[in-house]
Amino acid sequence: MMEIINNPETLKQLSEEEQESLRADNQRNTRRFLEADKNQDGQLDREEFGAFLHPHTAEWMQRCLAIEALEAMDTNDDSFVDEDEFLKHVIGDAKTVNEQWLNNERRKFKENLDVDPADGHLDADELIRFISPENGNHIEMEVSNLVHQTDKDDDLRLSREEVVNNFKHFFASQATEWGKRILTHHDEL
Ligand SMILES: [Ca+2]
Ligand SMILES: [Ca+2]
Ligand SMILES: [Ca+2]
């Protein structure tokens, strides 16, 4: 990836969108590397590399994850996630939306996420509190997102077909990425 980024000739052959997505990936991976490098010696030892690969398991990676989550959801680039951005994100590319589920997500935004300060949008600190491993919210969040993505007939129950047909989603899923890559990187699988 770095080679492509550093080679202007190769970069020119990509579309604007591809270049942008490459830059974003590169920026995210670089930040993850820097955050994973706990003792700041410029290299990752085994434990640090584990944190790079599975940041949700490492306590010192929570801020990095919250920033990634924020970037994934903050479509108007104001460094906050408002309710619309949050809902748009959890709905993803689903064709139908179950009203009960949506109201539940709305309530979750107000009661569990936008709490300090309760000002109608989420900052990085609110996201850190929400996804920190102690409170288990990230797992709840992941499950909720995956149920929604998988539940094609929208009855809030998963049939065997639905689970089997959407199996690739589960592999791609990482709670802390809030299903973002599930939606945008299908074809890498
Ligand atoms: Ca290190
Ligand atoms: Ca925003
Ligand atoms: Ca807030």
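## Helix axes and the α5–α8 pair

Axes are lines fitted to C-alpha atoms, for helices over the stretch in contact, and the angles between them run from 0 to 180 degrees between N-to-C directions. In this predicted model, the axes of α5 and α8 come within 8 Å and cross at roughly 115°, and the crossing of these two helices is right-handed.

On the side of α5, the residues that take part are Gln62, Arg63, Leu65, Ala66, Ile67, Ala69 and Leu70, and they meet Ala124, Leu127, Ile128 and Ile131 in α8. Sorted by class, this contact of α5 with α8 has nine nonpolar residues, together with one polar and one charged residue.

## The α6–α7 pair

Helix α6, which covers residues 83-91, and helix α7, which covers residues 99-113, have axes that come within 10 Å and cross at roughly 135°. Angles of 65 to 115 degrees count as roughly perpendicular and those over 145 as roughly antiparallel, and α6 and α7 are therefore oblique to each other. The crossing in which α6 passes α7 is right-handed.

In this pair, Glu83, Phe86, Leu87 and Val90 are the residues of α6 that meet Glu105, Arg106 and Phe109 of α7. By class, the contact of α6 with α7 has four nonpolar and three charged residues, and no polar ones.

## The nonpolar core

The largest nonpolar core has 20 residues, and within this core Ala69 and Leu127 are the residues with the most contacts. Four helices, namely α5 (62-73), α6, α7 and α8 (124-131), each supply at least two residues of the core, and the largest share, seven residues, comes from α5.

The two residues with the most contacts inside the core also appear in the helix pair described at the start, where Ala69 is among the α5 residues and Leu127 among the α8 residues of the contact.

## Backbone features in the loops

A cis peptide bond joins Asp116 and Pro117, with omega at about -5°. Pro117 has its place in the loop between α7 and β2, the latter being residues 121-122.

Two residues that are not glycine have a positive phi, and both are found in loops: Gln40, with phi near 55°, is in the loop between α3 (16-36) and α4 (46-53), whereas Ser79, with phi of about 70°, is in the loop between α5 and β1 (81-82). A residue counts as exposed if 12 or fewer other C-beta atoms lie within 10 Å of its own. Gln40 is exposed, because 7 other C-beta atoms lie within 10 Å, and Ser79 is also exposed, because its count within 10 Å is 12 other C-beta atoms.

## The chain as a whole

The protein chain has 12 helices and two strands, and from the N terminus on its elements run in the order α-α-α-α-α-β-α-α-β-α-α-α-α-α. In that order, β1 stands between α5 and α6, while β2 stands between α7 and α8.

Of the 189 residues in the protein chain, buried residues make up 23%. Among the contacts between residues at least 6 apart in sequence, 48% join residues at least 24 apart.

Conventions
Residues are numbered from 1 along each chain as its sequence is written. Chains are lettered from A and ligands numbered from 1 in the order in which they are written. This is a predicted model: local features need pLDDT of at least 70, side-chain atom pairs count only at pLDDT 80 or more; totals for chains, interfaces and linings use all residues. Angles under 35 degrees count as roughly parallel, over 145 as roughly antiparallel, 65 to 115 as roughly perpendicular and the rest as oblique. A crossing is left-handed if the near helix is turned anticlockwise from the far one by less than a right angle, and right-handed if clockwise. Two residues are in contact if their C-beta atoms, placed from the backbone, lie within 7 Å. Ala, Val, Leu, Ile, Met, Phe, Trp, Tyr, Cys and Pro count as nonpolar, Asp, Glu, Lys and Arg as charged, and the others, Gly among them, as polar. A nonpolar core is a set of buried Ala, Val, Leu, Ile, Met, Phe, Trp, Tyr and Cys residues joined through C-beta atoms within 7 Å.
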